Amino acid sequence: MRNIFKHGLAALAALGAAGAWAGYAFNFPEPVTPIARETLHMHNLVMVVILVLFFLVFGLLIYSFRTHRKDAGYKAAKFTGPTNRKQWLWVLSPFALLFFIDYVVFGIPALHAVIMYEDTKTDAELVVKVTGSQWMWEYEFPAEGVSFPSRLSTPRDQIDNGAAKGQHYLLEVDNPLVLPVGKKVRFITTSNDVIHSWWVPAFGVKRDAVPGFLREFWATVEKTGTYRGQCSELCGKEHGFMPVVVHVVSQEEFAAWLAQKKAALKPTAPVAAAEVPAAAAVVAKATQ
Ligand SMILES: [Cu+2]
């Protein structure tokens, strides 16, 4: 018994050691888009309300068990349902309270968040098409005729335990997506093969990339920096090897990057129907 206790303590101490938790944070990543901020706000609001309800209800239960017990001389009531006004009030008030919390306290901000999330078009200054494929992402700026693949750049040695793992192990790519800070970017996402999901936690956006469909989301990143994410829809054996890396830079740096990309890459032909390239491809195929 003593040994178990000792080993338990040692295990706890090991878990508590700072090294064991390196790379883990207690809270969510710092939100850098309006959507991420709103989502975190909703989460915090719900957590506070449900914790208050939890302690209130359990407090009442424990109080009731203690006060209304038989050996303290309490006589149980005989009624089986509410009969007078006071009893009806006791029955209906928790219902009314929960209704209010659900539809007003949570409902209004949640509705606001969902409407905001879906508003991909208002004031969007840039369109980026994100195509998932097994196992990499392809980014396209349809208006600029620029597209490029973004693949995992972690060396194979690190994956096979032949070398020490780097700081951004499995979260680094050869060609990161570059975006300007403070600009609303409309993302259009689709897939070449199976369902993938483009996810950057700090942006608060995660949207499935579904073959044959165009799905949208948006982000206005308010802070420059490098943001990392992952594919978050099981998409095959290298699902864990298609990270997302986004560099958010100033408008000038973005313009310079785009110009350099344009010059370096063979530009794709400007797409006439930029809104529906995948649909156009399907139609072209069907008419062949
Ligand atoms: Cu994937």
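**Close-up views of the predicted model**

**View A.** Asp123 is exposed, with 10 other C-beta atoms within 10 Å of its own. That count puts Asp123 in the exposed class because the class takes in residues with 12 or fewer such atoms. The model shown here, as in every view, is predicted. Asp123 sits in the loop between helix 3 and strand 1. Its phi is near 60°, a positive value in a residue that is not glycine. Most residues other than glycine have a negative phi, and most peptide bonds are trans.

**View B.** Leu170 is another residue with positive phi, at about 65°, although it is not a glycine. The residue is found in the loop between helix 4 (156-159) and strand 4 (177-180). Leu170 is partly exposed, with 17 other C-beta atoms within 10 Å. The count falls between the two cut-offs, 12 or fewer for exposed and 20 or more for buried, so Leu170 belongs to neither of those classes.

**View C.** The peptide bond from Gln134 to Trp135 is cis. Omega for this bond is near 0°. Trp135 is placed in the loop between strand 1 (126-133) and strand 2 (136-141).

**View D.** Helix 2 (residues 34-67) and helix 3 (residues 85-118) cross at roughly 165°, and their axes come within 10 Å. Two packed helices are described by the angle between their axes and the distance between the axes. An angle over 145 degrees counts as roughly antiparallel, and helix 2 and helix 3 are therefore roughly antiparallel to each other. The crossing of helix 2 and helix 3 is left-handed. On the helix 2 side, the contact is made by Pro34, Ile35, Glu38, Thr39, Met42, Leu45, Val46 and Val49. On the helix 3 side, the residues are Ile101, Val105, Phe106, Pro109, Ala110, Ala113, Met116 and Tyr117. Sorted by class, the contact has 14 nonpolar, 1 polar and 1 charged residues. An α-helix has 3.6 residues a turn, so residues three or four places apart point the same way.

**View E.** Val49 of helix 2 is in contact with Ile101 and Val105, leaving aside its neighbours within four places in sequence. The C-alpha atoms of Val49 and Ile101 are separated by 8.4 Å. Along the chain, Val49 and Ile101 are 52 residues apart. Val49 is partly exposed, with 14 other C-beta atoms within 10 Å.

**View F.** Helix 2 is shown along its full run of 34 residues. At 1.5 Å a residue, helix 2 should span 50 Å, and its end C-alpha atoms are 49 Å apart, which agrees. Of its 34 residues, the number buried is 2, so helix 2 lies largely in the open.

**View G.** Helix 5 (residues 251-264) has 14 residues. The expected span at 1.5 Å a residue is 20 Å, and the end C-alpha atoms of helix 5 are 20 Å apart, which agrees. The number of buried residues in helix 5 is 0, so this helix lies largely in the open.

**View H.** The whole chain is included for context. It has 6 helices and 10 strands. Buried residues make up 18% of the 288 residues in the chain. Among contacts with a separation of 6 or more, 68% are between residues 24 or more positions apart.

How values were computed. Residues are numbered from 1 along each chain as its sequence is written. This is a predicted model: local features need pLDDT of at least 70, side-chain atom pairs count only at pLDDT 80 or more; totals for chains, interfaces and linings use all residues. Helices (H or I, at least four residues) and strands (E, at least two) are DSSP runs, numbered from the N terminus. The expected span of a helix is 1.5 Å times one less than its number of residues. Two residues are in contact if their C-beta atoms, placed from the backbone, lie within 7 Å. Axes are lines fitted to C-alpha atoms, for helices over the stretch in contact, and angles run from 0 to 180 degrees between N-to-C directions. Angles under 35 degrees count as roughly parallel, over 145 as roughly antiparallel, 65 to 115 as roughly perpendicular and the rest as oblique. A crossing is left-handed if the near helix is turned anticlockwise from the far one by less than a right angle, and right-handed if clockwise. Ala, Val, Leu, Ile, Met, Phe, Trp, Tyr, Cys and Pro count as nonpolar, Asp, Glu, Lys and Arg as charged, and the others, Gly among them, as polar.
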